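Subject: Structure for you, with notes

Hi,

Here is the structure I promised to pass on. Have a look at it first, and then read my notes below.

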Amino acid sequence: MILSIVAYGHPVLRKVAEDITKDYPGLEKLIADMWETMYESNGVGLAAPQINRSIRLFVIDTAQMFENMDDDEKADYADNPGTRQVFINAQIVSLDGEEWAYNEGCLSIPKIREDVNRTREVTLKYLDEQFEQQEKTFNGITARVILHEYDHIEGKLFIDHISLLKRKLMKGKLNDISKGKIRVDYKMMFPQ
Ligand SMILES: [Zn+2]
């Protein structure tokens, strides 16, 4: 089932999300719906707060980003061929490597893109779909997408990382998004 994506301005995007247990109601269906919703909106990641659930759950698929690259382009990325994964109750263990800029966007903030600096590597502790404890290190684009989604479960957004001046300049656009004055080709839920 395709779910509505919560738009900028909705309070759920600003809450620190809660851990869940294995018996969280309808978890398997929820994860399936999140995959479907993410692919339908051409996203590479989706966090539960974006579908109005304040829980520590997100999914990413960076493998699809590598599908259209030629071998030379792929060689630029240490995380080639990317990963498709569910993260439950994730916590960052460490951030490593240099910061690098990448032009990010967000399904909750359509039509705004900005360069964001993040570290090249992240090590995370999390549970997979089977609720098995994992600790893994990710890098490159995959680390980038994970850190963007991790921000969501911490109540943060990518625009929090940009300069105050740039944020001031986009205030009108952000207001339009929160009022539903935006045209997108996926289902959205706007704050009242
Ligand atoms: Zn986002």
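How are the donor residues of the zinc ion spaced in sequence? The pattern is C-x41-H-x3-H. Cys106 lies in strand S4 and His152 in helix H4 (residues 140-153), so this pair ties together parts of the chain that are 46 residues apart in sequence. Please bear in mind that this is a predicted model.

The zinc site

The protein donors are SG of Cys106 and NE2 of both His148 and His152, and they lie 2.1 to 2.2 Å from the zinc ion. Cys106 has a relative accessibility of 9%, so it counts as buried. His152 is buried too, because its relative accessible area is 1%.

Helix H1 and its surroundings

Helix H1 covers residues 27-40, which makes 14 residues. From first C-alpha to last it reaches 20 Å, close to the 20 Å expected at 1.5 Å a residue. Its buried residues are Leu27, Leu30, Ile31, Asp33, Met34, Trp35, Thr37 and Met38. Several elements help to cover them: strands S1 (5-6), S2 (45-47), S3 (57-61) and S4 (84-106) are included, and so is helix H2 (63-67). Just after H1, Asn42 takes a positive phi of about 55°.

One of those buried H1 residues, Trp35, also has a charged neighbour: Arg84 lies over the face of its ring, at 3.8 Å from the ring centre. You will find a second arrangement of this kind at Trp100, where Arg144 lies over the ring face at 4.5 Å from the centre.

Aromatic pairs

How many aromatic pairs are there? The count comes to 7. In one of them, the ring centres of Tyr126 and Phe138 are 6.5 Å apart and the planes meet at 45°, so the pair is tilted. Tyr126 sits in strand S5 (residues 109-127) and Phe138 in strand S6 (residues 133-139), so to speak a link between distant parts of the chain, 12 residues apart. Both Tyr126 and Phe138 are buried. They also belong to a cluster, in which ring pairs link them with Phe58 and Phe87.

Backbone points to check

Most residues other than glycine have a negative phi, and most peptide bonds are trans. A few places here deserve a look with that in mind.

- The peptide bond from Asn80 to Pro81 is cis, with omega near 10°. Pro81 is in the loop between helix H3 (71-75) and S4.
- Asn89 is not a glycine, yet its phi is positive, at about 50°. This residue belongs to strand S4, and it is buried because its relative accessible area is 14%, where the cut-off for buried is under 20%.
- Lys111 is another residue other than glycine with a positive phi, near 65°. It is found in strand S5. Is Lys111 buried or exposed? With a relative accessible area of 60%, Lys111 is exposed, since exposed means over 50%.

If you open the model with S4 in view, several of these notes come together: the strand holds Asn89 and the zinc donor Cys106, and it is among the elements that cover the buried residues of H1.

Happy viewing, and all the best

Terms used: Residues are numbered from 1 along each chain as its sequence is written. This is a predicted model: local features need pLDDT of at least 70, side-chain atom pairs count only at pLDDT 80 or more; totals for chains, interfaces and linings use all residues. Side-chain values use heavy atoms; hydrogens and water are left out. Helices (H or I, at least four residues) and strands (E, at least two) are DSSP runs, numbered from the N terminus. The expected span of a helix is 1.5 Å times one less than its number of residues. Buried means under 20% relative accessible area, exposed over 50%, partly exposed in between (1.4 Å probe, protein chains only). Contact means heavy atoms within 4.5 Å. Rings of Phe, Tyr and Trp (its six-membered ring) pair if their centres lie within 6.5 Å; planes under 30 degrees apart count as stacked, over 60 as edge-to-face and the rest as tilted. A charge sits over a ring if NZ of Lys or CZ of Arg is within 6 Å of the ring centre and within 35 degrees of the ring normal. Donors are N, O and S atoms within 2.8 Å of the metal (3.2 Å for Na, K and Ca); water is not among the atoms, so sites may look incomplete.
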